[in-house]
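Me: Please take a close look at one helix in this protein. Tell me how it sits among its neighbours and what surrounds it.

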Amino acid sequence: MNYFLYMFNVLVIEDDSVMLKAIEYILKKDGFNTISAKNGKEAFEIIDSGSYDLVITHLIMPFGSGMDVISRVRNHPTAWSAGIIVISAMGQ
């Protein structure tokens with residue numbers, strides 16, 4: 001059970017729909033709000049809104065890499081302090 005007084009918003013950026021649903025399921029089960037994007041372009045639109053506390057991003061995806069996402073978040077005037085977790089299947 002989640003005892004946070006504040007509901008955390010997590011931006012999940014993943015181009016694999018199965019992995020995206022799995023991550024969202026786990027987060028929602030633990031009481032987090034999720035916002036999802038399937039590629040860099042969608043992610044940049046959400047990042048510009050600044051309405052999240054944590055970003056979970058895939059490293060390699062269409063229309064912008066995870067490194068582009070990190071740069072965009074860190075340079076955002078209000079959301080620069082959001083936590084970032086990078087996931088990748090490179091070198092399985």
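Reply: A contact here means heavy atoms within 4.5 Å. The model is a predicted one. Among contacts between residues at least 6 apart in sequence, 63% join residues at least 24 apart.

Start with the overall layout. The protein has 3 helices and 4 strands. From the N terminus on, their order is β-α-β-α-β-α-β. There are 92 residues, and 35% of them count as buried. The exposed surface is about 5800 Å², with carbon and sulfur atoms supplying 60% of it.

Now the part in question: helix α1. It covers residues 17–29, 13 residues in total. At 1.5 Å a residue, α1 should span 18 Å, and its end C-alpha atoms are 18 Å apart, so the two values agree.

Take the N-terminal end. D16 caps α1 there. A side-chain oxygen of D16 lies 2.9 Å from the backbone nitrogen of V18. After the helix comes G31, with a positive phi near 95 degrees.

Next, the buried side. L20, I23, E24 and L27 are the buried residues of α1. Seen down the axis, they fall within an arc of 100 degrees, so they line one face of the helix. The spacing rule is general: an α-helix has 3.6 residues a turn, so residues three or four places apart point the same way. The face turned away from the buried side carries V18, K21, Y25 and K29, which are exposed.

What covers the buried face? The cover of the buried residues of α1 includes β1, β2, β3 and β4. In sequence, β1 is 9–13, β3 is 54–58 and β4 is 83–87.

β1 deserves a closer look. All 5 of its 5 residues are buried. N9, L11 and I13 point one way from the strand. V10 and V12 point the other way. That fits the general pattern: in a regular strand the side chains alternate between the two faces of the sheet.

β1 pairs with β2 in the parallel sense, over 5 bridges. One of the residues involved is I13, whose bridge partner in β2 is A37.

β2 itself spans residues 33–37 and holds T34. Buried means under 20% relative accessible area. T34 has 18% relative accessibility, so T34 counts as buried. Leaving out residues up to four places away in sequence, T34 touches V10, E24, L27 and K28. Of the residues T34 touches, E24 and L27 are among the buried residues of α1. V10 is a buried residue of β1. T34 therefore links the account of the helix to that of β1 through its contacts.

Compare helix α3, residues 66–74. Its buried residues are G66, V69 and V73. They cover an arc of only 50 degrees around the axis, which puts them on the same side of α3. These residues pack against β1, α2, β3 and β4. β1, β3 and β4 are also among the elements that cover the buried residues of α1. The start of α3 has a polar contact too: a side-chain oxygen of S65 reaches to within 3.2 Å of the backbone nitrogen of M67.

One residue beyond α3 completes the picture. H76 is found in the loop between α3 and β4. Its relative accessibility is 11%, so H76 counts as buried. The side chain of H76 reaches the backbone nitrogen of T78 at 3.1 Å. Leaving out residues up to four places away in sequence, H76 touches I47, D48 and G50.

Methods
Residues are numbered from 1 along each chain as its sequence is written. This is a predicted model: local features need pLDDT of at least 70, side-chain atom pairs count only at pLDDT 80 or more; totals for chains, interfaces and linings use all residues. Side-chain values use heavy atoms; hydrogens and water are left out. Helices (H or I, at least four residues) and strands (E, at least two) are DSSP runs, numbered from the N terminus. Buried means under 20% relative accessible area, exposed over 50%, partly exposed in between (1.4 Å probe, protein chains only). Accessible areas come from the Shrake-Rupley method with a 1.4 Å probe; for residues, only the protein chains shown count as cover. The expected span of a helix is 1.5 Å times one less than its number of residues. The arc is that of the directions from the helix axis to the C-beta atoms. A polar contact is a pair of N or O atoms within 3.5 Å; within protein, one must be able to donate a hydrogen and the other to accept it, and residues adjacent in sequence count only if both atoms are side-chain atoms. Two strands pair if DSSP finds at least two bridges between them.
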